[in-house]
Structures are given as C-alpha cells and as structure tokens.
Amino acid sequence: MSKTKWTGLILGLIGFIFPLIVSFPGLSLAGHMAMSIFLMAAVFWMFETIPIYSTSILVIFFQVILLSAEGFIDYSSTMYEPLPYTQFISTLADPIIILFLGGFVLADASVKYDFDKSMTRLLLQPFGSQPKFIILGLMLVTAVLSAFMSNTATTAMMITVIIPIIARMEPGDPARIAVALCIPFAANIGGIATPIGTPPNAVVIAALNLQGVEVAFSSWMLYATPIAIIMLIVAWFVLLKLHPPAVEILTLNLDGKLKKSRNAIILYITFGLTVLLWVTEGVHGIRSSIVALMPVAILTLSSAFDKQDIRKLPWEVLWLIAGGIALGISMKETGLAEWMVSSISWDQFGYLMLLALFGIVSLVMSNFLSNTVTASLLIPLAISLATSGIVDGVAGMMMLGLVVALSASFAMVLPISTPPNAIAISTGMLQTKHMIISGSIIGLIGLALVLIFSVIYWPFIV
Amino acid sequence: MEQKIYILVVEDEPDVLDSIVRDILSFEEFFPIEMADAAEEARDLIQELLDNDHQIGLILCDHVLPGDNGVELLVEMQKNEATSQTRKVLITGQAGLQETVRAVNEADLKHYISKPWQKEELVGIVRELLTDYVLHHVKNPLPYMQVLNSERIAEFIRKGGGPSDQ
C-alpha cells in the first residue's frame with residue numbers, strides 16, 4: 001500500500017472514531033454516528049484508500065449498522081427516529097439509479113452496434129474541411145454523445161476518430177493540441193446537458209428528490225443545456241486562440257457503414273424513442289426513471305442486449321452514486337447537515353456570494369477528486385442551507401444544486417480531474433501544461449457563467 | 001518495488017543483439033529491455049524477474065543459440081504458467097520447418113521474423129504484441145497508451161475496459 005493510502009486509512013479511522021469519543025454540543029447521538037460515517041467516507045474518497053465505489057458501499061453498510069431501526073444502536077431514549085434499513089439499501093435502486101441504468105444499457109448497446117460511431121460520421125459531415133470547423137464539429141458531436149453516454153466512453157471513441165486526423169497533420173501544427181484537447185473538454189461539458197450525462201447530476205437530483213423537489217429530465221435540460229452550448233463555444237474559442245491551426249484544409253475520413261442487423265435496428269428505434277420520451281417529459285409527465293425501464297426491457301427481451309452485456313455494465317458507477325445518495329439521507333435525517341451549516345453564520349454572506357462559495361469549492365475539489373464524490377460531499381450541506389431558510393426555498397435549493405453539479409463538471413485542469421482528461425493525456429498528443437492553461441480558463445469562465453445564470457436565467461424558469 | 005513488464009531479447013551474436021535492441025529502444029521507457037545470449041542465461045534472467053514480481057510481456061528469441069536452442073526455450077516458457085502468456089517471437093534466419101511448426105504448436109508462437117528484418121516491421125510487431133499483452137493483463141492500460149497502439153486501447157476503453165466515469 002502506498003504512503004497516501006496509509007495516510008488515508010489512518011486519517012479515515014481517526015475521523016470515524018473522533019465523533020464517537022468527542023461530544024459536540026447541539027448534535028444528537030445519531031448526528032455523531034452520521035458524522036463518523038461522513039468523515040470516514042470523506043477521507044477514504046479523498047485519499048482513495050479503497051476504491052471509491054467501495055467507500056460508497058461501506059457508507060450504506062455502516063448506516064444500516066449504526067443508524068437503522070434494525071441496527072445495533074438503541075435510539076429509544078433520543079429524539080432520533082431510526083429509519084428502516086430498507087431506506088438505506090434502497091438507494092441502490094433509487095429512481096435516479098434506474099434512470100442511469102437505462103442510460104447505461106442504451107449506451108452500452110450503442111457501443112455494441114457501433115451506433116456511436118455511425119452518429120459521429122453522420123453528425124460530422126456538415127462541418128466541411130476547415131480545421132476550425134472540424135474542431136467545432138468534433139466538439140459538438142462529443143458533447144451530444146456524452147450527454148447521453150458516459151463521458152469516458154465517448155472520449156475513448158472520439159480518440160479513435162482523431163488519431164488518424166492528427167496523424168495527417170504536420171508535426172508542428174499547434175492545432176494538433178486543440179484537436180486533442182477539444183475531445184475531453186467537450187465530453188466534460190456535454191455531461192452537464194442532461195440528468196444522465198454524468199454521475200454528479202444524479203447525486204444532486206436525488207438529493208433534491210429527497211426534499212420533495214422533482215426534477216424532470218426536460219427541466220434539467222432547460223436549465224443546463226444552454227450553459228453547455230455556451231461553454232462549448234467558449235472552449236472552442238479558447239482552444240483556437242491558444243492553438244491556432246497552421247493549415248487551411250484538413251481531410252476527414254468518414255468511411256464506415258451503418259449496421260443494419262435486426263438487433264441494430266431494434267436498438268436505433270429504442271434509442272430514439274427513449275430519448276424522445278425523456279426530453280419531452282415536461283409535455284407528457286411520464287417520469288424519466290419509468291421511461292428508463294423501457295430500453296432495459298426491450299433490448300433484453302429482444303436479445304439485442306444479452307446476459308454477457310448485462311454483466312459488463314459499469315455497476316460500480318451505480319454503487320458510487322448510491323453511496324452519495326445514502327450519505328445525503330443520513331446527514332439530513334440525523335440533523336448533521338443542518339448542524340454543520342448552522343455553525344457558520346451565513347447571514348454575512350450575500351445570496352450570490354453563497355452560490356459563488358459553493359461553486360468555487362466544488363470546482364476546486366473536483367479538480368482533485370472524483371466529480372461524484374465532490375457532489376456527494378457538498379450537496380447535503382448546500383441543501384440544508386436552503387431548508388434552514390438561509391437561501392430561498394425550492395428555487396434556492398435548485399440553484400445551489402445546479403451550481404454544485406455544474407461546477408464539478410467544469411473542473412478539467414489536470415489529467416486526474418476527470419477520466420476523459422486522463423485519456424487525452426495518455427495519448428501523448430499533448431502535455432499537461434496545455435491542459436492546465438486552457439482547462440483553468442474554461443473552468444473559471446464556466447464558474448462565472450454559472451453565477452450569471454443564477455442571476456439572469458434560472459430564477460425566472462425554476 | 002513497482003511491477004514492470006519486460007521485453008526479453010535472446011540472441012548470441014552481439015552485433016545482431018545490439019541492432020535489435022536499438023530498433024526497439026523507443027519502448028524501453030515503458031517496457032524495460034533485458035538481454036541474454038543463451039537459453040541458459042535467459043532462464044536465469046526470467047527467474048530473477050519473476051522472483052521480483054515483474055512480468056515478461058514479450059520475448060524476441062533467436063533460434064540457433066549455444067546450448068539449448070530458441071524453440072526449446074519458448075516451449076519451456078509456454079509450459080510455465082508464469083510465462084505462458086508472454087508473447088513469443090522467433091527472430092531468425094535458420095529455423096527449419098519442423099522446428100518452426102513446433103514453436104507454433106507448442107509455444108503459441110505469435111510471429112516469425114526472418115533475418116534481415118526492417119526496423120518498421122519489427123517495431124510494428126512489437127507494438128501490436130505488447131498492446132495485446134497489456135490489454136489482457138493490465139488493469140489500467142492508459143499509462144502505456146502513447147507507446148502502444150492507442151486506437152486499440154481507446155477502443156478497449158470504449159467497450160467498457162479501463163476507467164469509467166466518476
């Protein structure tokens with residue numbers, strides 16, 4: 001085990017034990033237990049002492065043992081009404097998890113039948129042969145795909161598209177770096193556009209649901225897609241400014257055929273229908289998590305998606321999200337989150353400063369940590385600010401949620417910030433300094449834009 | 001100590017050994033190259049690497065060697081669990097049909113390169129075989145992406161191998 005992991009293990013254990021031996025005034029017994037779990041999870045997630053999805057399961061496990069009615073601690077003499085243990089374990093099948101499951105099945109089936117590649121060829125065609133428009137095209141395609149598929153898988157697929165492009169460019173052309181960077185950046189940005197685009201969105205939406213705030217698929221898109229589009233264009237400008245193309249013409253090789261087997265066609269229809277039902281949720285009102293069961297059912301009953309494919313789904317990502325949701329539940333139910341935010345006098349902060357604070361913390365944290373972990377740690381605190389009346393009710397809660405989720409996705413400074421960044425660096429096509437410079441600019445503009453949206457746009461549509 | 005994936009080159013003529021190693025030097029940073037001039041020395045080297053928890057990803061082996069010949073060494077490696085997955089290449093001018101067939105059947109020979117070889121050919125074969133090895137035996141292939149076939153590694157990640165969203 002490495003030194004960092006040892007440090008994490010020791011700090012995590014200290015964090016776990018600390019609330020058990022120290023008594024905080026104003027915090028209930030259950031609150032102390034929840035704090036033990038919170039501190040342990042925070043440290044383990046930060047140091048990656050154990051795999052992050054494993055920390056999530058540990059969170060659920062400890063909640064069942066320490067905080068549930070079936071657990072080992074007798075709360076009968078306290079104010080805390082222990083939750084049934086099913087409440088903690090059912091986070092693994094939370095509606096948002098089912099929504100993601102539907103998304104994963106669609107995405108993996110798309111990969112299986114090369115639908116992602118076919119879409120890429122189709123969507124890239126109108127962008128001609130000028131390098132700057134090709135880069136714009138690559139970014140748009142990447143963003144659209146990563147709004148519905150995993151950012152990582154989208155990046156990996158697009159890397160196979162740009163390798164031949166870069167190979168045909170002159171070795172000294174600065175635009176090689178723009179081409180290599182535009183993919184992970186567009187994938188990170190595209191993830192914010194829909195609820196299923198990236199896991200932090202799930203954690204935030206689930207936390208809002210817990211407060212009784214339903215977020216329709218179409219409403220999220222209404223809030224977040226405009227900002228994704230603006231950020232794509234911003235990123236495009238920044239990359240072209242820093243790495244201007246040296247040539248006028250680039251050739252794209254868009255060979256390849258749309259698969260036309262029975263199963264492939266079933267996938268195309270299912271994909272189209274599901275996405276259509278998702279984005280029109282505001283019109284028909286059928287919840288997106290219910291719609292999500294449809295592709296799972298259709299693709300498996302038709303054997304377009306078989307047992308082997310089911311086994312290969314990224315289950316650990318669902319665990320990771322579930323742990324984040326569960327952590328929020330215990331922090332809310334035991335009063336821990338409220339206690340934590342009440343120890344700071346927020347009144348001196350203006351409303352906008354509060355949003356900015358959460359945005360900055362989220363952006364900074366998720367540059368170093370997993371985006372989902374960042375959202376999981378911040379959202380319970382943000383939400384309790386809203387419930388304790390420091391910011392304005394439902395609208396305030398919604399906006400804090402959006403600020404946390406979106407800022408987490410705008411963190412793309414370092415190779416470790418997101419898996420798409422790591423993939424781009426690993427190709428050897430660019431250096432870390434290129435990523436740091438443009439990633440910082442884009443992150444800061446993103447944060448500013450989120451704050452601008454929370455003043456001039458969201459208050460009027462939430 | 002960090003586990004590494006080694007390339008082993010077995011060749012008895014010093015000039016030829018040098019020129020093989022020179023041609024594949026671009027892999028050295030990620031896949032350290034070890035050399036031996038006889039099967040006996042190669043055996044000791046393999047044992048030493050395995051004892052230190054390293055793996056042997058690829059062996060480029062001449063056939064005619066002092067003592068045991070190359071094909072014999074490869075067959076022996078195939079029988080050993082720790083080296084059965086090593087990608088095996090004969091690089092020779094003098095292996096007869098019978099010996100070569102034995103290498104294919106009993107040592108799962110991945111490639112036969114006849115001397116003299118072209119540098120690009122050798123580098124290409126080494127890159128593909130190491131990519132094979134890494135995709136089958138390494139949990140996270142990303143660190144090797146830039147020296148290997150990056151399209152194949154990207155395709156592997158697209159299909160759900162390696163990292164996922166977090």
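**Entry 1: Asp114(A)**

I began with Asp114(A), which I located in the loop between helix 5 and helix 6 (115-124) of chain A. The model is a predicted one, and I read every value below as computed from it. I looked up the backbone of this residue and found phi near 55 degrees, a positive value in a residue other than glycine. Is Asp114(A) buried or exposed? It counts as partly exposed, because 18 C-beta neighbours lie inside 10 Å, while burial requires 20 or more.

**Entry 2: domains of chain A**

I next consulted the domain assignment of chain A, which gives domain 1 as 1-87 and domain 2 as 95-311. I noted that the centres of domain 1 and domain 2 of chain A, taken over C-alpha atoms, are separated by 36 Å.

**Entry 3: helix 15 of chain A**

I then turned to helix 15 of chain A, residues 293-301. Which residues of this helix are buried? I found Pro295(A), Val296(A) and Leu299(A) to be buried. Viewed down the axis of helix 15 of chain A, the buried residues fall within an arc of 100 degrees, so they line one face of the helix. I recalled a general point here: an α-helix has 3.6 residues a turn, so residues three or four places apart point the same way. I asked what the buried residues of helix 15 of chain A pack against. They pack against helix 5 (95-112) and helix 12 (262-279) of chain A. After helix 15 of chain A comes Ser303(A), and I recorded its phi as positive, near 65 degrees.

**Entry 4: Lys332(A)**

I found Lys332(A) in helix 17 of chain A, which covers residues 315-333. Lys332(A) is partly exposed, because 19 other C-beta atoms lie within 10 Å, against the 20 or more needed for burial. Which residues does Lys332(A) contact, leaving aside its neighbours within four places in sequence? I listed Leu210(A), Ala337(A), Pro380(A) and Ser384(A). For Pro380(A), I also looked up the distance: its C-alpha atom is separated by 7.0 Å from that of Lys332(A), although the two residues are 48 apart along the chain.

**Entry 5: where the chains meet**

I looked up the contacts between the chains and found 16 residues of chain B in contact with 27 residues of chain A. On the side of chain B that touches chain A, I recorded six nonpolar, five polar and five charged residues.

**Entry 6: strand 4 of chain B**

I moved to strand 4 of chain B, residues 87-92. Why is this strand described as largely enclosed by the rest of the structure? Six of its six residues are buried, so the description applies. I sorted the side chains by direction: Arg87(B), Val89(B) and Ile91(B) point one way from the strand, and Lys88(B), Leu90(B) and Thr92(B) point the other way.

I then looked for the pairing partners of strand 4 of chain B. Four bridges join strand 3 (residues 55-61) of chain B to strand 4, and the two run parallel. Within that pairing, I found Leu60(B) opposite Val89(B). The chain passes from strand 3 through helix 3 to strand 4 of chain B in a right-handed β-α-β crossover.

Strand 4 of chain B is also joined by four bridges to strand 5 (residues 111-114) of chain B, again in parallel. Here I noted that Ile91(B) has Ile113(B) as its bridge partner. Strand 4, helix 4 (residues 97-107) and strand 5 of chain B form a right-handed β-α-β unit.

**Entry 7: loops beside strand 5 of chain B**

I examined the loop between helix 4 and strand 5 of chain B, where Asp108(B) is placed. Asp108(B) has a positive phi of about 50 degrees although it is not a glycine. It counts as partly exposed, because it has 16 C-beta neighbours inside 10 Å.

In the loop between strand 5 and helix 5 (119-137) of chain B, I found Pro116(B). The peptide bond from Lys115(B) to Pro116(B) is cis, with omega near -5 degrees.

**Entry 8: Glu76(B)**

I closed with Glu76(B), which is found in helix 3 (residues 70-79) of chain B. Glu76(B) is partly exposed, because 17 C-beta neighbours lie inside 10 Å. I looked up its separation from Gln166(B), 90 residues apart along the chain, and found 44 Å between the C-alpha atoms.

Note on methods:
Residues are numbered from 1 along each chain as its sequence is written. Chains are lettered from A and ligands numbered from 1 in the order in which they are written. This is a predicted model: local features need pLDDT of at least 70, side-chain atom pairs count only at pLDDT 80 or more; totals for chains, interfaces and linings use all residues. Two strands pair if DSSP finds at least two bridges between them. A crossover is right-handed if, with the strands pointing away from the viewer, the path from the first strand over the helix to the second runs clockwise. Two residues are in contact if their C-beta atoms, placed from the backbone, lie within 7 Å. Ala, Val, Leu, Ile, Met, Phe, Trp, Tyr, Cys and Pro count as nonpolar, Asp, Glu, Lys and Arg as charged, and the others, Gly among them, as polar. Domain bounds come from an automatic or database domain assignment. A residue is buried if 20 or more other C-beta atoms lie within 10 Å of its own, exposed if 12 or fewer, and partly exposed in between; C-beta atoms are placed from the backbone. The arc is that of the directions from the helix axis to the C-beta atoms.
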